[in-house]
Amino acid sequence: MLRWILNDTYTSSETSALGARTGVVPGYVNYAQDSDACLVFVNALAGEGADRTELYNADQDTMVKTVADNCNNTIVVINTMGPRLVDQWIEHENVTAVLYSPLLGQNSGKSTLDVLYGEVNPSARLTYTIAKNEWDYNVRVYDTKECDFTEGVYIDYRYFDAYNITPRYEFGCGLSYTSFTYTDLNVPSIEALSVYPSGKKSVGGPVDLWDVIANVTVSVTNTGGRAGAETPQLYLSYPETAKQPVRQLAALSGWSWLAGRGRR
């Protein structure tokens, strides 16, 4: 039996429905104990009228832990934009999976089940770092009209790399029901570039900032027993004299350029 647990409180109608046939007091414990698997949904409150004010929620985390204490196959589905901390329960022995699925549309329920039941192989990657603690991030929520961006380019994984902070899930992380191998990596030699871009100004900087200077190729093979998609990621590192982050994402699968000129 698969149970869906959505909130930390029940309405009167939900209470009647849960207790009408079982004769037990409805609640997480009784609900979870009678289930082969439990899906627990958590989110973060935000919208056009209000920004997010927290990276986790104590009531939601208590709900997850209560369900996991009584259901040995607890699957947590996170629906939120941006990072959501999971360290309150991620190492619980009964939390068997976490599905991170931000900003789903009207078919969110079907999409979630397609992934959990293996009808669709997940291939997405995190576009931000999930930290172990909220103080691991170097930026805070500002409630003033003016903000000083003193962190420069050292945000997210660039900051974690620079200060050797171990994340819970790193930028670009993602699992799959199948496996892939990388072969025939070809990285051509690149002559040092010392000339700053000076072309016509455009969106994102001078147009010659995006000149293709080299192409990197690699063969990716699905070596598992399931159909699936892979997302190769290419990172660049600069000499210490450049005073740049340890590594920077330069390309994803399907991009034809390695890096631009100058400071790119």
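Start by selecting Thr 80, which sits in the loop between strands S3 and S4, and show what surrounds this residue in the predicted model. Leaving aside residues up to four places away in sequence, Thr 80 touches Asn 43, Ala 44, Arg 52, Tyr 100, Ser 101, Pro 102 and Tyr 128. Thr 80 counts as buried because its relative accessible area is 5%, and the cut-off for that word is under 20%.

**The whole chain**

Now zoom out to the full chain, whose secondary structure comes to five helices and 10 strands. The chain has 264 residues, of which 30% count as buried, and it exposes about 17100 Å², with carbon and sulfur atoms supplying 51% of that area. Among the contacts with a separation of 6 or more, 66% are between residues 24 or more positions apart.

**The nonpolar core**

Next, select Val 42, Val 64, Val 67, Val 76, Ile 78 and Trp 89, which are the residues with the most contacts inside the largest nonpolar core, a group of 16 residues. To see where this core draws its members from, colour helix H2 (28-33), strand S2 (37-43), helix H3 and strand S3, each of which supplies at least two residues. Which of these elements gives the most to the core? That element is H3, with four residues.

Stay with Val 42 for a moment and display its neighbours. With residues up to four places away in sequence left out, Val 42 touches Gln 60, Met 63, Val 64, Val 76, Val 77, Ile 78, Asn 79 and Arg 84.

**Salt bridges**

Arg 84, one of the residues that Val 42 touches, leads to the next stop. A search of the whole structure finds six salt bridges, and one of them joins Arg 84 to Asp 61, with the closest N and O atoms 2.8 Å apart. This pair links distant parts of the chain, since Arg 84 belongs to the loop between strand S3 (74-79) and strand S4 (95-100) while Asp 61 belongs to helix H3 (residues 58-70), and the two are 23 residues apart. Are the two partners buried or exposed? Arg 84 is buried, with a relative accessible area of 1%, and Asp 61 also counts as buried, at 3%.

Then select Arg 168 and Glu 91, whose side chains meet in a salt bridge of 3.2 Å from N to O. Here too the pair links distant parts of the chain, with Arg 168 in the loop between helix H5 (157-162) and S5, Glu 91 in the loop between S3 and S4, and their positions 77 residues apart. Glu 91 is exposed, with a relative accessible area of 64%.

For another bridge, select Arg 125 and Glu 230, where the closest N and O atoms are 2.6 Å apart. Arg 125 lies in the loop between helix H4 (108-116) and H5, and Glu 230 lies in the loop between S8 and strand S9 (233-236), so the bridge ties together parts that are 105 residues apart in sequence. Arg 125 is buried, with a relative accessible area of 19%, whereas Glu 230 counts as partly exposed at 22%. Before leaving the salt bridges, add Asp 87 to the selection of Glu 91 and Arg 168, because bridges that share partners join these residues into one network.

**Aromatic rings**

Move on to the aromatic side chains, among which a search of the whole structure finds six pairs. In one of these pairs, the rings of Tyr 159 and Tyr 163 have their centres 4.8 Å apart and their planes at 40°, so the pair is tilted. The two residues can be compared by their accessibility: Tyr 159 is buried at 16% relative accessible area, whereas Tyr 163 counts as exposed at 57%. Extend the selection to Tyr 137 and Phe 160, and the cluster that ring pairs link together, made of Tyr 137, Tyr 159, Phe 160 and Tyr 163, is in view.

**A patch on the surface**

For the last stop, show the surface and select Tyr 182, Leu 185, Val 187, Val 218 and Val 220, which form a nonpolar patch with about 430 Å² of accessible area together. Strand S5 (180-186) and strand S8 (217-222) each supply at least two residues of this patch. Leu 185 has its place in strand S5 and is exposed, with a relative accessible area of 60%.

Definitions and conventions. Residues numbered from 1 in each chain as written. Predicted model: local features only at pLDDT ≥ 70, side-chain atom pairs only at ≥ 80, totals over all residues. Heavy atoms only, no water. Patch = residues over 30% accessible without salt bridge, like charges linked within 9 Å, V, L, I, M, F, W, Y side chains within 5 Å. Areas by Shrake-Rupley, 256 points an atom, 1.4 Å probe, with all protein chains shown as cover. Salt bridge = Lys/Arg side-chain N within 4 Å of Asp/Glu carboxyl O. Buried < 20%, exposed > 50% of the residue type's maximum accessible area, 1.4 Å probe, protein only. Phe/Tyr/Trp six-rings, centres within 6.5 Å; stacked < 30°, edge-to-face > 60°. Core = buried A, V, L, I, M, F, W, Y, C linked by side-chain atoms within 4.5 Å. Contact = heavy atoms within 4.5 Å.
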